[in-house]
Amino acid sequence: MANNEYPQQEQTVDGLRQWLLTTTPCSRLQARAGRSYIAWLSFTRNRLAVIGLGIITLLVLTAVLAPLIAPYHPNVPDLEQRLQTMSMEHWLGTDQLGRDILSRILYGSRLTLYVVVLVAIIAAPLGLVVGTVAGYSGGLVDSVLMRITDIFLAFPKLILALAFVAALGPGIENAIIAIAITSWPPYARIARAETITLRNSDFIVAARLQGAGHIRLIVHHIIPLCLSSVIVRVTLDMAGIILTAAGLGFLGLGAQPPLPEWGAMIAGGRQFLLDQWWVATLPGIAIFIVSLGFNLLGDGLRDVLDPRSGGK
Amino acid sequence: MAQQDVMIDVQGLGVSFGHGSARVDAVRDVSFQVARGCSYGLVGESGSGKSTVLKALCGLYPLQGGSIAIDGRACIGRRNLDFYRQVQMVFQDPYGSLHPRHTVDRVLREPITIHKLERAESRIREMLVDVGLGLDFRFRYSHQLSGGQRQRVAIARALILKPKILLLDEPTSALDVSVQAEMLNLLHRLREKYDLTYILVSHDLAVVAHMCDRLGVMVNGRMVETLSDVSLLNGQATHPYTRQLINACHGYDRKMIDGFVRYE
């Protein structure tokens with residue numbers, strides 16, 4: 001019985017593989033699934049990229065499950081337990097208010113993810129639209145849009161973010177807006193460069209000769225081709241965004257106490273760095289690991305998605 | 001040629017690029033007429049302006065002078081959807097004319113969506129069979145197709161709107177010889193089936209002689225001679241450039257090539 005089951009299972013797996021890798025797909029879904037599967041195969045060939053994906057998956061899982069896995073409340077002080085070293089009760093020790101650092105780091109992943117996702121949602125589409133419209137239209141529209149981009153690009157990210165937060169008031173939402181506003185210009189540049197190489201290609205001319213309007217051409221024909229390089233760039237930028245968010249938190253302009261933001265945690269532990277090193281170091285390690293994860297993932301994605309690096 | 005039978009009427013067409021001293025006259029004073037259901041060949045060497053004539057017909061380049069009339073209606077400025085439903089184009093390079101991220105199905109569905117036509121499913125199926133691809137190819141991406149198959153998809157895309165006029169910009173020159181013949185036969189068959197009017201641009205006199213009823217010879221943006229396929233085959237070309245072109249088709253001969261003259 002058990003012997004019979006094994007080859008049968010093998011067969012279904014083989015069947016699925018064949019269904020995915022067939023050269024004659026019978027439906028749109030199958031064609032798309034097959035394409036994704038081939039991309040996945042080439043992605044998994046890069047071991048470091050898989051590690052990066054693993055780190056990011058872990059980050060997402062931690063953020064979702066934080067209330068279930070965190071042993072303590074992240075924000076409730078317990079002054080009798082302050083600055084405890086690592087022990088069985090507090091795996092990663094406690095901070096100056098006696099809060100469990102492990103719990104705070106686990107909850108902090110939510111804030112990190114929140115920042116990363118919101119910045120990506122705001123900055124990537126903005127850059128994509130500005131870049132493709134500029135590249136597609138050319139002429140005056142192009143000049144105006146790209147000069148605006150240049151102006152934003154000329155500001156140092158953290159300084160402009162500081163100015164924004166100073167104007168809007170500290171807080172994590174304002175930090176996100178500030179970071180998003182300063183991080184879209186590179187995406188606009190990439191999208192514009194890609195669009196210019198595509199603008200006069202035969203398949204775009206063909207679509208125009210079928211009567212496709214400007215919006216249709218940009219949305220359905222040009223953006224899908226710019227998307228992969230922008231996704232790669234966004235992923236590689238994530239590390240920088242996390243660092244900027246942490247930097248703002250460290251300066252007291254990002255997430256406000258008692259929120260367990262990693263940068264703010266480092267700021268809080270700064271005074272005890274020599275005697276109670278874990279208070280500042282452990283959130284720092286968390287930032288380091290997540291940034292590294294995004295960088296590894298971005299490198300892997302580049303191999304798969306970037307048309308110029310040979311991926312299909 | 002009776003006046004009502006003229007499908008394409010081009011008079012004194014001029015196209016130029018750039019301004020001032022950088023101005024290049026790509027097409028100068030080109031006139032020709034194509035009767036309904038006929039196919040017209042434009043022959044000439046690279047840079048003689050034959051593809052530019054096609055693109056000007058489609059409204060991709062602004063006219064410097066002259067007029068274009070399709071089926072008795074003058075075409076001025078931006079073309080509308082009705083125009084595109086009547087006139088379609090097939091490009092030279094099958095590797096560049098299909099969107100790299102679209103399946104064949106998507107490529108063929110796009111014009112149907114734009115023109116809000118009904119019966120998308122049956123139109124796509126019918127067209128795939130018509131161009132000799134079959135339904136197996138429907139959900140493939142362009143990188144999974146050979147050059148000839150891609151060109152068939154491009155023809156299907158052009159014909160799915162049921163146009164009256166098909167502009168062919170060297171449709172076979174990027175394909176290898178065996179596929180070229182298949183493609184020409186396919187185009188011939190489709191012309192009869194859909195009652196199409198062709199303008200075929202080529203530098204290959206043999207292809208033009210096989211496909212077209214009349215042809216125009218272009219040199220440096222001017223049309224130097226028009227003649228029928230019969231007079232081409234009988235060697236009745238009068239302009240020395242045309243004769244040179246015909247001689248060049250007979251194969252490479254050092255002495256003959258040395259005797260060639262450049263026409264400026």
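The following questions and answers concern a predicted model, with attention to chain A, two of its helices and the contact with chain B. In this predicted model, local features need pLDDT of at least 70 and side-chain atom pairs count only at pLDDT 80 or more, while totals for chains, interfaces and linings use all residues. Residues are numbered from 1 along each chain as its sequence is written, and chains are lettered from A and ligands numbered from 1 in the order in which they are written.

Me: How many helices does chain A have?
Reply: Helices and strands are taken as DSSP runs, numbered from the N terminus (H or I and at least four residues for a helix, E and at least two for a strand). From the N terminus on, the elements of chain A run α-α-α-α-α-α-α-α-α-α-α-α. Chain A has zero strands, and its number of helices is 12.

Me: Where does the kink lie in helix H3 of chain A?
Reply: The expected span of a helix is 1.5 Å times one less than its number of residues, and for the 23 residues of H3(A), residues 47-69, a straight helix would give 33 Å, whereas the end C-alpha atoms span only 28 Å. The bend at a residue is the angle between axes fitted to the seven residues ending there and the seven starting there. In H3(A) a kink of about 50° lies shortly before the proline A:Pro67, at A:Ala63.

Me: Which elements are included in what covers the buried residues of H3(A)?
Reply: A residue is buried if 20 or more other C-beta atoms, placed from the backbone, lie within 10 Å of its own, and in H3(A) the buried residues are A:Ala49, A:Gly52, A:Leu59 and A:Thr62. Their cover includes, from chain A, H2, helix H4 (101-137) and helix H12 (278-305).

Me: Which proline lies shortly after the kink in H10(A)?
Reply: The 37 residues of H10(A) would reach 54 Å in a straight helix, but the end C-alpha atoms are only 45 Å apart. A kink of about 50° lies at A:Ile223 in H10(A), shortly before A:Pro224.

Me: Which element gives the most to the side of chain A that touches chain B?
Reply: Two residues are in contact if their C-beta atoms, placed from the backbone, lie within 7 Å, and the contact takes 23 residues from chain A and 25 residues from chain B. On the chain A side, the elements that give two or more residues are helix H2 (28-44), helix H9 (202-209) and helix H10 (214-250). The most, six residues, comes from H9(A).

Key: A residue is buried if 20 or more other C-beta atoms lie within 10 Å of its own, exposed if 12 or fewer, and partly exposed in between; C-beta atoms are placed from the backbone.
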